[in-house]
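Biologist: I have this chain open on my screen and would love a close look at a single part of it. Could you take me through the salt bridges, and then show me how that part sits in the rest of the chain?

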Amino acid sequence: RREIEMKGQIFVYNNQSGVVDLMEPLFAGEEYETRIVQTYQEIVEGVLQGNVTMLITDVELKQDNGFALIEQIRQISPIPIMVLSRQDSEAAKVKALKNGADDYVVYPCSPLELLARVKAHIRRYQQLTGLTKGVGRVYRIDDLVVNDVTRTVTVCDREVKLTPIEYKILKLLVQEKGKVL
């Protein structure tokens, strides 16, 4: 049996387990790993670590507000976000898209259409991020945050003032974490 190199990880945050059961073999056939996440914190950690290729969520969640979740994830990452929900009202669709979702699919839906939409969003995202690789990233190591968008550094949520050279050196060290420089 050969090992398959996965193309990426799709996080699924949804309260309808039947939908998730359908997704796993569908995405695995396209070499995407499906990871079921149980909490908002898991999503944030995965996004910040760069482990998430796409997020699929519902807007009707037991423990969280799905619309607020979309808005919060969008503030920290440009990853594709798809809503997969039984909620088919125009108001819900518009609100999700306004809050930052890239797509809204009402289920039950065609598995092949769902797969095609997911692949299209991932393809487009990867094309766009390929153009801006390494620009405007936020690097986190424990309590250290180097925000390349705002060119700020914080340690334990306190801003640290650095000269431009110090900032460039720190950014390089964070980007190349674990390597001898």
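Modeller: Gladly; here are the salt bridges, followed by their surroundings.

A word on the ground rules comes before the details. This is a predicted model, so to speak of local features a pLDDT of at least 70 is needed, side-chain atom pairs count only at pLDDT 80 or more, and totals for chains, interfaces and linings use all residues. Residues are numbered from 1 along each chain as its sequence is written, and side-chain values use heavy atoms, with hydrogens and water left out.

A salt bridge here is a side-chain nitrogen of Lys or Arg within 4 Å of a carboxyl oxygen of Asp or Glu. By that rule the count comes to 7.

Let us begin with Arg 117 and Asp 103, whose side chains meet in a salt bridge at 2.9 Å, N to O. This pair links distant parts of the chain: Arg 117 belongs to helix α5 (residues 111-131) and Asp 103 to strand β5 (residues 103-106), with the two positions 14 residues apart in sequence. Helices (H or I, at least four residues) and strands (E, at least two) are DSSP runs, numbered from the N terminus. For exposure, buried means under 20% relative accessible area, exposed means over 50%, and partly exposed is in between, all with a 1.4 Å probe and protein chains only. Asp 103 is buried because its relative accessible area is 10%, while Arg 117, at 30%, counts as partly exposed. Glu 113 joins in too: Asp 103, Glu 113 and Arg 117 are linked in a network of salt bridges.

Between β5 and α5 runs a loop that holds Pro 108. The peptide bond joining Tyr 107 and Pro 108 is cis, with omega at about 10°.

Two further salt bridges are good to place beside that one. Arg 35 and Glu 42 meet through their side chains at 3.4 Å, N to O. Arg 35 counts as partly exposed because its relative accessibility is 29%, and Glu 42 is partly exposed as well, with a value of 21%. In the salt bridge of Lys 161 with Glu 159, the closest N and O atoms are 3.3 Å apart. Here Lys 161 is exposed, with a relative accessible area of 71%, whereas Glu 159 is partly exposed at 48%.

Now for the surroundings, starting with two backbone details. Glu 31 has a positive phi of about 65° although it is not a glycine. Its loop lies between α1 (17-28) and β2 (32-36), and Glu 31 is partly exposed, with a relative accessible area of 26%. Asp 157 also has a positive phi, about 65°, and is not a glycine. Asp 157 sits in the loop between β8 and β9 (158-160), and counts as exposed because its relative accessible area is 78%.

Another loop, between β7 (144-147) and β8 (152-155), holds Asp 148. Asp 148 is buried, with a relative accessible area of 8%. Its C-alpha is 5.3 Å from that of Arg 137, although 11 residues separate the two in sequence.

For a view of the interior, try Thr 57 in strand β3 (residues 54-57). Thr 57 is buried because its relative accessible area is 0%. Contact means heavy atoms within 4.5 Å. Leaving aside neighbours within four places in sequence, the residues in contact with Thr 57 include Tyr 13, Asn 14, Leu 69, Ile 81 and Val 83.

On the outside, Ile 165, Ile 169, Leu 172, Leu 173 and Leu 181 make a nonpolar surface patch of about 500 Å². Ile 165 is in helix α6 (residues 164-175) and is exposed, at 55% relative accessibility. Patches are made of residues with over 30% relative accessible area and no salt bridge, with like charges joined within 9 Å and nonpolar side chains (Val, Leu, Ile, Met, Phe, Trp, Tyr) within 5 Å.

To finish with the whole chain, there are 6 helices and 9 strands, and the C-alpha trace spans about 55 × 45 × 30 Å along its principal axes. Of the 181 residues, 36% are buried. Among contacts between residues at least 6 apart in sequence, 60% join residues at least 24 apart.

Terms used: Accessible areas come from the Shrake-Rupley method with a 1.4 Å probe; for residues, only the protein chains shown count as cover.
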